[in-house]
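Student: I have a model open and want to learn how to read it. Where do we start?

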Amino acid sequence: MKVLFGCLFSAFLTGICYFSFAQTKPSAIQGKVLMEDNTAAEAATIVLLRAADSSVVNSGLADKTGAFSFSGIKPDTYLLLATSIGSSKAYTAHYKVNEGQSITVANIILKLINSQLKQVDIIARKPYIEVKPGKIIVNMQSSILSEGNSAYDILRQSPGVHVNSGSEMLSIVGRQPALITIDGKPTGLTGDDLTNLLRSMQSSTIEQIEMISSTSAKYDASGGGIINIILKKGKNIGANGSVVIGGGYGKYYKSRAGISFNNRGAKINIFGNYTFDNNKTDRTITTNRNINYNDVLSNYDVKYYNTQKTQAHNFILGADYSISKTQTIGIQANGIIKNDSFDKDNNLRITNQGQLDSVIIAKSNLDRGSSYLNYNVNYNAALSKAGDNLSADFNYSTYNRHSNEFITNNFYTPEGQTYRDPLLLENLSPSNIHIWTSKIDFIHPFSKTERLEAGVKYTHTESNNNLIFGAKLNNTYQADPTVSNRFIYTERISYGYLNYINKVGKFEFTAGLRAEKTSTNSNTVAITTLNNAENSNDYFNLFPQGQINYQANNKNTFNLSYNKGIHRPAYEDINPFLYYTDLYDYRSGNPHLKPEYTHAFQLTHTYNQSLLTTLYYNLTNDAYDFPVYSQNDSSKVNVMSNKNFGRIKAFGASVYTPVRFNSWWSGNFYLDASLQRYKAYAINGTFNKAMQDIIFNTTQTFTISSTISAEVFGKYESPTIYGINQIKQSYLMNAGISKQLFNKRGNIKLSINDIFNTDRERYHVLYQNVDLTGVNKRESRIARINFTYRFGKSTVKSVPKRQTGSDDEQRRTGN
């Protein structure tokens, strides 16, 4: 392992050195356009395109010698397109341009054609990773390894994203919980429900993922930043689309098929996609718990294994209509309908003083189905040429789940003989959530460099959960009144914000204040009315946020930011249900759980829009988002729950850089090194521990030919802590190869995830009277093959663009 990490780290240092000493590219592009017979292609049209999005930067005509030149261009990455009547189009490779020099490209050769000139098709490949101050962008279509994976799996290998142990919570910088949004709109889901949603979203439906570490007051207060998933929506004029089919195999089968379409006209754009997944996977969890009670050492060792069959339907359907040149209205419906079937096998071995006492084997079948549906209406209006803009969004989301599990517990002596009748249990936990959200945003520019943003938002959430748990007596399942109940939760949040932005010389300032009023009401309705409980909570918070951006020159940008954020408990974390794992292990909610608050400071340096260096410090109060165990030594029962444990301090630095070694080999490197300190409040004991956390990942891309490319991804994380959990080191490696077919309209990709089958979570807990060791291993070594074919027009034309005075922010919110 040390050798592997040493090699990866050496590659990282090599890349940094190569990047630092590489010669700069030119700031002007010139060359010649010739015909096949080497005569000058006089009057040929040459178009300079920005490689990132194929937008037109400049155009011109070749002179009588076929020569052309573009000078005074901004630093960026470009490609050239040459056309002439009677000839086929020709375009070049990408050229990265820096200021102060020039380059002469190879001669562009035009070939004569007999038929009339057809439409110009431009298929430009964006870089896999783009960086901007406070933001990293991952482009799905540019990654071989993303194909066939879920949004959750893609995020796990994205630079700057960390998956916290146990809770599977996603974070960006310093392990702070990130707000997950889809097209700029929060999902409204939390905990396991959110994780399951991300596992159901396939890469074929996603265009980009943005990791935004520095946000303004315009966005929901999140100390851990925002992970924004941007769904695909056609941008080209005309009718077009794609079909995707794929399959894979690890221990079990994987299959998927999907179609996307887009029909954009001058006034209306209709778009949609549908993906069907049919997968089988497995998971193994082993835990070893040591209990010392009355001078007797007991060991409760569990091996849990399940297989899971999943069928998921993922769809989007929407339309945008241009009411006028300045007004657009859109509607969209998207959702995921999912059915899961689990076969569980839980083997518990109880040992006292080193001698096997008994074995309990629990087998169960779980049928679970869920549906997440979201309906959106949005409106955008440019109110003036100066940049006044009004936008509005109205969302209704619903999440429904049924979960029916029937468990059989069998009891055996060390010799394998049964010592009591089987215990049959029923575990039913249906749930439904309804979320209404409305928001209005307004932008008023005072000048070209100064503007004010303001907005209001209201969210209303209703969550209704039932738990019916009990044993089978006299051939009838009877609900246990000490466990079974109904939990009703209502949450209302009112938001308002002001955001001031001004640019003075090389400085750009952003100062904002967000106010949030939260009202919650929870009601636990037990079978025995004496156990009913109601709890209400109202609180008001102000969230100041500020940024200073300094553009030192064309290559160097510095950004200093501060954010105060809030992370509210997941619905399941405040639900007082006692969730059954086995007869000696449970998970419980905490209705008295309070939000945690984070103060986040960042200093970021961006060099040449590629090398990104960040220093950060985060302070989190009332931290709760990690498991805490409570063990009864007498009964041997262990209950896992969340509580406002204490305070977290995180100091760290991260570096991201892309490196082009030569014309066929490029890579990107990410390194995050931090010190994490967890300190418990006095009520939770004397826990006070700090430990380093080093994360390194790299993606290497190889261009084998004009139609064949390959990728290799590697990731390493050092031993660290997560709350009271001591986490062991982890590492994995993925690889893939891609071949373009059918005049580059088709693409076939073969990939293998976790080649060495090392992706697993290993942890140890030594807290108060709890001594627990565990390993959590999902099926991860999977080979996949996927085929994509694009059909219809891919003509690039000028699509009307709304000028709002805040175009980047509008794009992030999906308006």
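Tutor: Start with surface: accessible areas come from the Shrake-Rupley method with a 1.4 Å probe, and for residues, only the protein chains shown count as cover. Here the protein chain exposes about 35700 Å². Carbon and sulfur atoms supply 56% of that area.

Student: What are the ground rules for these values?

Tutor: This is a predicted model: local features need pLDDT of at least 70, side-chain atom pairs count only at pLDDT 80 or more, and totals for chains, interfaces and linings use all residues. Residues are numbered from 1 along each chain as its sequence is written, and side-chain values use heavy atoms, with hydrogens and water left out.

Student: How many helices and strands are in the protein chain?

Tutor: Both are DSSP runs, numbered from the N terminus: helices are H or I with at least four residues, strands are E with at least two. The protein chain has 5 helices and 49 strands.

Student: How do I read strand pairing?

Tutor: Strands of a sheet pair through backbone hydrogen bonds, either parallel or antiparallel. Two strands count as paired if DSSP finds at least two bridges between them. Take β39 (residues 646-660): 10 bridges join it to β36 (residues 611-623), antiparallel. T613 has V655 in β39 as its bridge partner. β39 also pairs with β40 (residues 665-680), antiparallel, over 15 bridges. There, G652 is matched with S674. A hairpin of 4 residues links β39 to β40.

Student: Which strands stand at the edges of the open sheet of β33, β34, β38 and β37?

Tutor: The order is β33-β34-β38-β37, with mixed pairing. β33 (578-582) and β37 (628-631) are at the edges; each has a single partner strand, so one side of each lacks a neighbour in the sheet. β33 joins β34 (residues 585-588) through 4 antiparallel bridges. Y580 stands opposite Y586 in β34.

Student: And the nonpolar interior?

Tutor: In soluble globular proteins, nonpolar side chains tend to be buried together. A nonpolar core is a set of buried Ala, Val, Leu, Ile, Met, Phe, Trp, Tyr and Cys residues joined through side-chain atoms within 4.5 Å. Buried means under 20% relative accessible area, with a 1.4 Å probe and protein chains only. The largest core here has 64 residues; L170, M211 and I229 are among those with the most contacts inside it. A second, separate core of 20 residues includes Y629 and F645.

Student: Is N725 buried or exposed?

Tutor: Buried, with a relative accessible area of 2%. N725 lies in β44 (residues 725-727). Contact means heavy atoms within 4.5 Å. Leaving out residues up to four places away in sequence, N725 touches P627, Y629, T720, H764 and V765.

Conventions. Buried means under 20% relative accessible area, exposed over 50%, partly exposed in between (1.4 Å probe, protein chains only).
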